[in-house]
Amino acid sequence: MTSMWNPPDKDFFDTVWKIVRQIPEGKVSTYGQIASMIPPYEGTDPDAHQRLSPRWVGTAMRKVEDDDVPWQRVINSQGKISLPDQSGDKQRRLLEGEGVTFGKSAKVDLTEFGWEGPDDEWLDEHNLLPPNLFLKKPKQKPLF
DNA sequence: CGTTTGACTACGC
DNA sequence: CGCGTAGCCAAAC
């Protein structure tokens, strides 16, 4: 039930779009990183604090209609584009037009182009969490 | 109202 | 590195 969300937003699509609008030109973020910024919410089991699955960030990108949401700046955790070839090419061209470069295996170097997230003040204003930059094991160095 | 569906990810080879 | 797989979970149907 959407009313049980911690943030005041009515549904998580708005929250996802709001975050994606903060990604600056020339930078990229990942589905998992965006998802990690949204606080846990109460699921059907009150004890289980659920987090938004990165899949839903992808779903939110698919539903983007407003031109002010830079959907092309969200790629997957491998640094690659998660779209069928034709649309993927469009996304790649858009990013290249912003200065993002693709290396071997059509991968973006996240250490160079990865967005580190909004500043603390913005996060606080919107009741969101700092992005989890530790993509794999908790005690690992951040990937970017 | 139950089933299917992903613009995902971590992990094991 | 690449590839397959299990888990993911609200929305769409």
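1. The buried residues of helix α4 are Gly88, Gln91 and Leu95, where buried means under 20% relative accessible area, exposed over 50% and partly exposed in between, with a 1.4 Å probe and protein chains only. These three lie on the same side of α4 because they cover an arc of only 60° around the axis, the arc being that of the directions from the helix axis to the C-beta atoms. The face turned away from this buried side carries the exposed residues Gln86, Arg93 and Gly97.

2. The model is predicted: local features need pLDDT of at least 70, side-chain atom pairs count only at pLDDT 80 or more, and totals for chains, interfaces and linings use all residues. Residues are numbered from 1 along each chain as its sequence is written, chains are lettered from A and ligands numbered from 1 in the order in which they are written, and side-chain values use heavy atoms, with hydrogens and water left out.

3. Helix α4 comprises residues 85-97, 13 in number, and reaches 18 Å from its first C-alpha to its last, close to the 18 Å expected at 1.5 Å a residue; the expected span is 1.5 Å times one less than the number of residues. Helices (H or I, at least four residues) and strands (E, at least two) are DSSP runs, numbered from the N terminus. The cover over the buried residues of α4 includes β4 (74-75). After α4 comes Gly99, with a positive phi near 100°.

4. Ile81 sits in the loop between β4 and α4. Neighbours within four places in sequence aside, Ile81 is in contact with Ile75, Asn76, Gly88, Gln91, Arg92 and Phe102, contact meaning heavy atoms within 4.5 Å.

5. In α3, the buried residues are Val57, Thr59, Ala60 and Met61. They pack against α1, α2 (31-36) and β4.

6. DNA strand C is surrounded by Phe12, Phe13, Tyr41, Gln50, Arg51, Arg55, Trp56, Lys63 and Ser105. Of the atoms of strand C that come within 4 Å of the protein, sugar and phosphate account for 61%. A residue is near the strand if one of its heavy atoms lies within 4 Å of it.

7. Which side chains have an N or O atom at a base oxygen of DNA strand C? Arg55 has one at 2.7 Å, and Trp56 has one at 3.1 Å. A backbone N or O atom of Arg51 is 3.4 Å from a phosphate oxygen of the strand. The elements giving two or more residues to the surface near strand C are α1 (12-20) and α3 (54-62).

Key: Polar contact = N/O pair within 3.5 Å; in protein donor to acceptor, adjacent residues only side chain to side chain.
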